[in-house]
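Visitor: I have a chain open here and would like to talk it through with you. Could we begin with the cysteines and then move on to the rest?

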Amino acid sequence: MIVKAKEYLQQLKRLDIVIKQKSKEVDDLHLKSKSIGSIDYSKERVQTSPSGEASFVKLIGRIVDLEAEISQEINNFIDEKHKIINQIQKLNNTDYIRLLYKRYVEYKSLEHICVEMDFSYDYIKHLHGCALKDFEDKILKSTLNST
């Protein structure tokens, strides 16, 4: 399977999005676990099974499981980020290194990058294509050949 440089580098953003979405889900579950239903004292008291308690325990279990998933995802993200930064830094052209880092590690738009690097947008688009090609040729192909 041939992996394109752009798809390969975009995995960091995908991992970051997954972590943020799972964190949002945990926040929502924490909020749900803190909301307490009201008790109606006007009705006759009848002993029932603790279904509310069981669902609360299930909710807490889900929170614990999801937090463990997030922790694992964060570890994966850190490892992949470190690996990709090191791979980007193996390129010889400093403009390629700066551009790929800004685009795929800092998630900056090409418009933002052209301002920071003081190049025209058209030149940054061209440079981006050249940098991806160089990354693919020097990093991805050598990685695939060594495995």
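Visitor: So, is Cys-130 buried, partly exposed or exposed?

Guide: This is a predicted model, and in it Cys-130 counts as partly exposed, because its relative accessibility is 26%, which lies above the 20% under which a residue is called buried.

Visitor: And how about Cys-114, buried or exposed?

Guide: Cys-114 is buried, since its relative accessible area is 11%, and that value falls under the 20% limit.

Visitor: How many disulfides does the structure hold?

Guide: The structure holds zero disulfides.

Visitor: Let's step back to the fold. What elements does the chain have?

Guide: The chain has six helices and zero strands, so that, read from the N terminus, its elements run α-α-α-α-α-α, as assigned from DSSP runs.

Visitor: What share of the residues is buried?

Guide: Of the 147 residues in the chain, 31% are buried, and the accessible surface comes to about 10400 Å², with 54% of it belonging to carbon and sulfur atoms.

Visitor: Which residues touch the most other members of the largest nonpolar core?

Guide: That core has 34 residues, and those touching the most other members are Leu-9, Ile-88, Leu-91, Leu-99, Leu-100, Ile-124 and Phe-135. Two or more residues each are given to this core by helix H1 (5–9), H2, H3, helix H4 (94–104), helix H5 (110–117) and helix H6 (121–146), and the largest share, eight residues, comes from H3.

Visitor: Why would such side chains gather like that?

Guide: As a general tendency, nonpolar side chains in soluble globular proteins tend to be buried together.

Visitor: Back to Leu-9, then: what does it touch?

Guide: Leaving out residues up to four places away in sequence, Leu-9 touches Ile-84, Ile-88, Leu-100, Tyr-104, Leu-132 and Phe-135. For the chain as a whole, among contacts between residues at least 6 apart in sequence, 73% join residues at least 24 apart.

Visitor: Changing topic, where does Lys-22 lie, and is it buried or exposed?

Guide: Lys-22 lies in helix H2 (residues 11–34), and it counts as buried because its relative accessibility is 18%, under the 20% limit.

Visitor: What is Lys-22 in contact with?

Guide: Apart from its neighbours within four places in sequence, Lys-22 is in contact with Leu-66, Glu-69, Ile-70 and Glu-73.

Visitor: Last one: which residues make the nonpolar surface patch?

Guide: Phe-56, Val-57, Ile-60 and Val-64 make a nonpolar surface patch of about 340 Å², and Val-64 is found in helix H3 (residues 51–88).

Note on methods. Residues are numbered from 1 along each chain as its sequence is written. This is a predicted model: local features need pLDDT of at least 70, side-chain atom pairs count only at pLDDT 80 or more; totals for chains, interfaces and linings use all residues. Side-chain values use heavy atoms; hydrogens and water are left out. Helices (H or I, at least four residues) and strands (E, at least two) are DSSP runs, numbered from the N terminus. Buried means under 20% relative accessible area, exposed over 50%, partly exposed in between (1.4 Å probe, protein chains only). Contact means heavy atoms within 4.5 Å. Accessible areas come from the Shrake-Rupley method with a 1.4 Å probe; for residues, only the protein chains shown count as cover. Patches are made of residues with over 30% relative accessible area and no salt bridge: like charges are joined within 9 Å, nonpolar side chains (Val, Leu, Ile, Met, Phe, Trp, Tyr) within 5 Å. A salt bridge is a side-chain nitrogen of Lys or Arg within 4 Å of a carboxyl oxygen of Asp or Glu. A disulfide is a pair of cysteine sulfur atoms within 2.5 Å. A nonpolar core is a set of buried Ala, Val, Leu, Ile, Met, Phe, Trp, Tyr and Cys residues joined through side-chain atoms within 4.5 Å.
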